[in-house]
Amino acid sequence: MAHKIIKVSAPGKIILSGEHSVVYGQPAILTAINKRLYVEIKKGRGSTKIITDQNPELVHHALFNVIPAKAGIYTNKKMFNNLKITIRSEIPVNRGLGSSAALAVALTGALLRWFNQKWNKKLINQIAFEIEKKQHGNPSGADNTIALHGGTIIFQKGKIKRLKVSHLPQFVFIDSGLASETTREMVKIVNAKIKNQNAKLQFKIQNLINNLGKVTAQCIKTLKEKNSNQLKFLIRENERLLEELGVVGEKAKRIIKEIESLGGAAKICGAGGLKKGSGILLCYHQNPQVLLNFAQKSHLKNYQLKLGAEGLRNEN
Ligand code: PMV
């Protein structure tokens with residue numbers, strides 16, 4: 001019999017609208033991208049060997065704590081010997097592109113398959129969410145859900161709906177640079193404001209969260225109607241609210257202003273960042289070439305991503 005090898009992959013993602021407000025129960029629109037993380041498992045020799053380009057602490061926590069406890073597998077330690085697990089990712093890290101969620105989903109899917117467990121999407125999502133908690137503290141669960149299901153979804157309070165559009169507009173993704181803060185820290189910053197003793201500040205932040213929710217709801221409608229002028233207006237409004245929320249750094253703000261002055265719109269897409277960069281920016285212009293020229297002239301890296309990619313999948 002040929003030696004057993006299994007290989008699975010999960011995609012990264014972009015948040016089109018709803019970052020941060022999704023943590024407080026508002027809707028978010030997420031789409032999977034054509035950059036994936038791959039997990040391969042095969043028999044090795046001696047103790048289990050892990051080759052990874054991801055955070056090894058998170059990988060260990062997932063493999064030895066979360067997955068066995070939640071899936072009830074390899075309680076017998078011997079079962080977990082002699083494995084060779086290889087993790088390789090195309091998703092840039094710390095850019096708001098969902099690399100840790102792709103890791104959580106792909107690793108869980110791979111192990112369930114290796115141990116001949118039922119390919120149960122609900123269970124995979126629950127386990128991946130637990131792994132994400134280790135990485136992000138108090139995540140909404142949106143990132144692991146899109147990595148699992150793929151396509152383009154509307155996520156709210158753990159529930160998903162597919163966004164039924166034939167295609168999404170052509171966005172350009174410009175890198176505003178690595179954030180020096182983690183997602184966990186950025187989520188905490190917003191949370192501290194919401195829980196602030198100052199009732200006025202609390203009220204203001206709650207209002208911003210509600211308005212972000214409204215912008216997302218309008219964005220869903222606009223994407224379905226393919227109304228590009230309205231889309232531009234909503235992206236600008238979304239960014240303005242995120243800036244008021246205090247999650248966008250000066251560098252990203254400058255880039256976004258320039259894009260607006262060229263007749264386009266842009267917003268952070270993800271947790272953002274303050275002291276240095278704020279991660280990837282979702283940029284829109286009726287003529288995308290204007291944005292590509294701008295990125296080139298300004299020496300900013302840009303990604304042309306395919307949206308609506310497949311979720312967790314078997315590669316063999
Ligand atoms: O990890 P990122 O940068 O994609 O951000 C996650 C989005 C947040 O809304 C900020 C957090 C969450 O858990 O939804």
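The exchange below concerns the ligand, the largest pocket and the largest cavity of a predicted model.

User: What should I know about the model before reading the values?

Analyst: Residues are numbered from 1 along each chain as its sequence is written, and side-chain values use heavy atoms, with hydrogens and water left out. Local features of this predicted model need pLDDT of at least 70 and side-chain atom pairs count only at pLDDT 80 or more, while totals for chains, interfaces and linings use all residues.

User: What makes a residue part of the surroundings of the ligand, and which come nearest?

Analyst: A residue is near a molecule if one of its heavy atoms lies within 4 Å of it; there are 14 residues around the ligand, and Lys-13, His-20, Ser-140, Thr-183 and Ala-271 come nearest.

User: Why is the pair between Lys-13 and the ligand called a polar contact?

Analyst: A polar contact is a pair of N or O atoms within 3.5 Å (within protein, one must be able to donate a hydrogen and the other to accept it, and residues adjacent in sequence count only if both atoms are side-chain atoms). An N or O atom in the side chain of Lys-13 is 2.6 Å from an oxygen atom of the ligand, and therefore the pair qualifies. A backbone N or O atom of His-20 lies 2.8 Å from a ligand oxygen atom, and a polar side-chain atom of Thr-183 lies 3.0 Å from one. The protein buries 95% of the 370 Å² that the ligand exposes when taken alone, with areas from the Shrake-Rupley method and a 1.4 Å probe (for residues, only the protein chains shown count as cover).

User: How do you know that the ligand sits in the largest pocket?

Analyst: A molecule sits in a pocket if more than half of its atoms lie within 2 Å of its grid points, and the ligand is assigned to the largest pocket by that rule. This pocket has a volume of about 800 Å³ and is lined by 44 residues, with Thr-183 and Ala-271 among those nearest its centre.

User: What makes the lining of the largest cavity nonpolar?

Analyst: Ala, Val, Leu, Ile, Met, Phe, Trp, Tyr, Cys and Pro count as nonpolar, Asp, Glu, Lys and Arg as charged, and the others, Gly among them, as polar. The lining consists of Leu-16, Phe-171, Cys-219, Leu-223, Leu-231, Ile-235 and Leu-282, so the division is seven nonpolar, no polar and no charged.

Key:
1 Å grid on protein atoms, 1.4 Å probe; cavity = no way out; pocket = protein on both sides within 12 Å on 5 of 7 lines; lining within 4 Å. Points joined across faces, edges and corners; volume = space filled by probe spheres on them.
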